[in-house]
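Work through the exercises below with the structure open. Try each task before reading its solution.

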Amino acid sequence: MSDVKDKVIRIGGASGFWGDSSVGAPQLVQSGQIDYLVFDYLAELTMSILAGARLKKPELGYATDFVTVAMRSVLKDVAAKGIRVVSNAGGVNPEGCAQALRALAAEQGVAVKIAVVTGDDVMPLIPELRSAEPPVRELQSGAPLPAKVLTANAYLGALPIKAALDAGAQIVVTGRCVDSAVTLGTLMHAFNWSANDFDRLSGGSLAGHILECGCQATGGLHTDWRDVPDWAHMGYPIVECSADGSFVVTKPSGTGGLIAPQCVAEQLLYEIHDPATYLLPDVICDWRDVRIEPAGFERVRVSGARGRAPTGSYKVSSTYVNGFKTSAQLTVVGFEAAAKARRTGEAIFERVGDLLQARGLPPLSASNIEVLGSESGYGPHAAPGLNQAREAILRITACHPDKAALELLAREVAPAGTSWAPGTTGAGGRASVSPSIRQYAFLLAKQRLQPKVDLDGQAISVPEQNGDVAQAQAPVASQPPAAAGPTDAPQGWIDVPLIRLAWARSGDKGDTSNIGIIARRPEWLPLLRSEVTEASVAQYLQHLVRGPVTRYEVPGIHAFNFVCEQALGGGGMASLRNDPLGKGMGQILLSMPVRVPAHWFD
């Protein structure tokens, strides 16, 4: 048998969220290129949806697509090929998910060992947390615990998954865990990494981070989208991992997509904040000096991750209801479509305000008008010519503590089709009103929870999480010193959009957006450092960002990570914007003009 140093573990990432394509799992299983198959399904909003589903039907509360679509299509092949599966599809009912899997296995005549990881549910602790000292505070806003909490789940780590696989599970179903844990737990099992192998744990977490968003690692959302071939047959990512924590990113042979260092670099920066202190339950990751290098046809090697001991806390994501919310759209066609659309939105809100006052109801608690097609998100940087566009979409969104107030608003949208702007169409039926669900994140001491593993009725022991360190340790090295860009240019200077100099990707965490900026050429980094500063980014995005902007260096991949606080109108579930997750923030920043020597683009 080969030495463990030469051992390679191949893991395929079949899902980046609940709603991802059904082609991922069959494509990876049929490729013959994987030993393990992992799925990521859970987001904060998903947990709330699953909690609501379980209230209506107790047997639900998990990502049903995992069973009815993904595993139905591959279970026989997975069993026959000895591929092991790890998924967080359990949501708020991992036991229910496992029962559905067992029913599917019986239907298909497949014998398979299924383990369930539980222990992430914090709801039983909420009553006593209300009187805790020090009091519970929201991580970003500092707000106290809401009066009515819908869900509360801790982000568990990889140790329960390792324990389940060590005990012989062929399929592991978890509730809420950090997205990368499904991969890290697999690698801890395969290589028998200890809970103190922090550099390896950081490398394994990075491998999971690359896999966790599906095709985003194989060309999906790539800045240079025209370079990505065959979108209809995008390949899902595979990581080939070594015992030292390094790995190669690839995809099934013959599939579409693009495996390139810049694509992997974009995903590395996605939804992280300080790259020197990326907090996970098992390890504090330091990815500043990670190297991403070509390693052959459709292969990219990733190495250099470092790690430190984790903190003594779990992050808990909870949700609560804060009134109601509705959103409606209209299409406006013809001359000055954008201006007509905006005036229509203003008229609707003015009329509804009068009607609410007449009924003795308070005004709308929040409202927003966007004219899609006129670059609303670009604010003052929108192209002036779009004001003359002959087609635009009006999008209005509002909140109110009383559902009846928003039902009144929904009724007053359709009259625009005969009352105001010529060319108004596309109402698409009356908008629905739904509870406004918001996220509330806080920290909880690890000793307050005990993750559990059940393997077909047998309780499996789970080691305690690392947690001796009360606060995050400081990184070993500080950020590199600022370096000035070129001071002279013999042929003069020109302004070019940032996209000419860099790739970018943006993401969200609560009300914070991060924007990763990667230099297209390493030698351009000093100029980017001097031109694309915290101040210049804050000024360019001031119509969107209300809080501070912090720039972090990522020298290993010639990049910066900009963390923009109070940038998403309250974030995900609370935001009234068309882009509540900040997916477009990076694209907007790429339009920022940057002054460069003219000869760079001769």
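**Exercise 1.** Identify the residues through which helix α8 and helix α9 meet, and describe their character.

Solution. The model is predicted.
- Step 1: On the α8 side, the residues in contact are L206, H209 and I210. Their counterparts in α9 are V264, Q267 and L268.
- Step 2: Sorted by type, the residues of this contact comprise 4 nonpolar and 2 polar, with no charged ones.

**Exercise 2.** Determine how α8 and α9 are oriented to each other.

Solution.
- Step 1: Locate the helices: α8 covers residues 198-211 and α9 covers residues 261-269.
- Step 2: Their axes come within 9 Å and cross at roughly 105 degrees.
- Step 3: Angles of 65 to 115 degrees count as roughly perpendicular. The two helices, α8 and α9, are therefore roughly perpendicular to each other.

**Exercise 3.** Give the strand order of the open sheet of 4 strands, and explain why β22 and β24 each have one side without a neighbour.

Solution.
- Step 1: The order is β22-β23-β25-β24, and the pairing is antiparallel.
- Step 2: β22 (502-509) and β24 (549-554) stand at the edges with a single partner strand each, so one side of each has no neighbour in the sheet.
- Step 3: On average, neighbouring strands of this sheet are turned by 20 degrees against each other, direction ignored.

**Exercise 4.** How many bridges join β24 to β25, and which residue stands opposite V549?

Solution.
- Step 1: β25 spans residues 559-564, runs antiparallel to β24 and is joined to β24 by 6 bridges.
- Step 2: The residue of β25 opposite V549 is C564.

**Exercise 5.** Which strands does α9 lie across?

Solution.
- Step 1: α9 lies across β22, β23 (512-519), β24 and β25.
- Step 2: Relative to β23, α9 runs at about 155 degrees.

Definitions and conventions. Residues numbered from 1 in each chain as written. Predicted model: local features only at pLDDT ≥ 70, side-chain atom pairs only at ≥ 80, totals over all residues. Heavy atoms only, no water. Axes fitted to C-alpha atoms, helices over the stretch in contact; angles between N-to-C directions. Parallel < 35°, antiparallel > 145°, perpendicular 65-115°, else oblique. Contact = heavy atoms within 4.5 Å. Nonpolar A, V, L, I, M, F, W, Y, C, P; charged D, E, K, R; others polar. Pairing = 2+ DSSP bridges.
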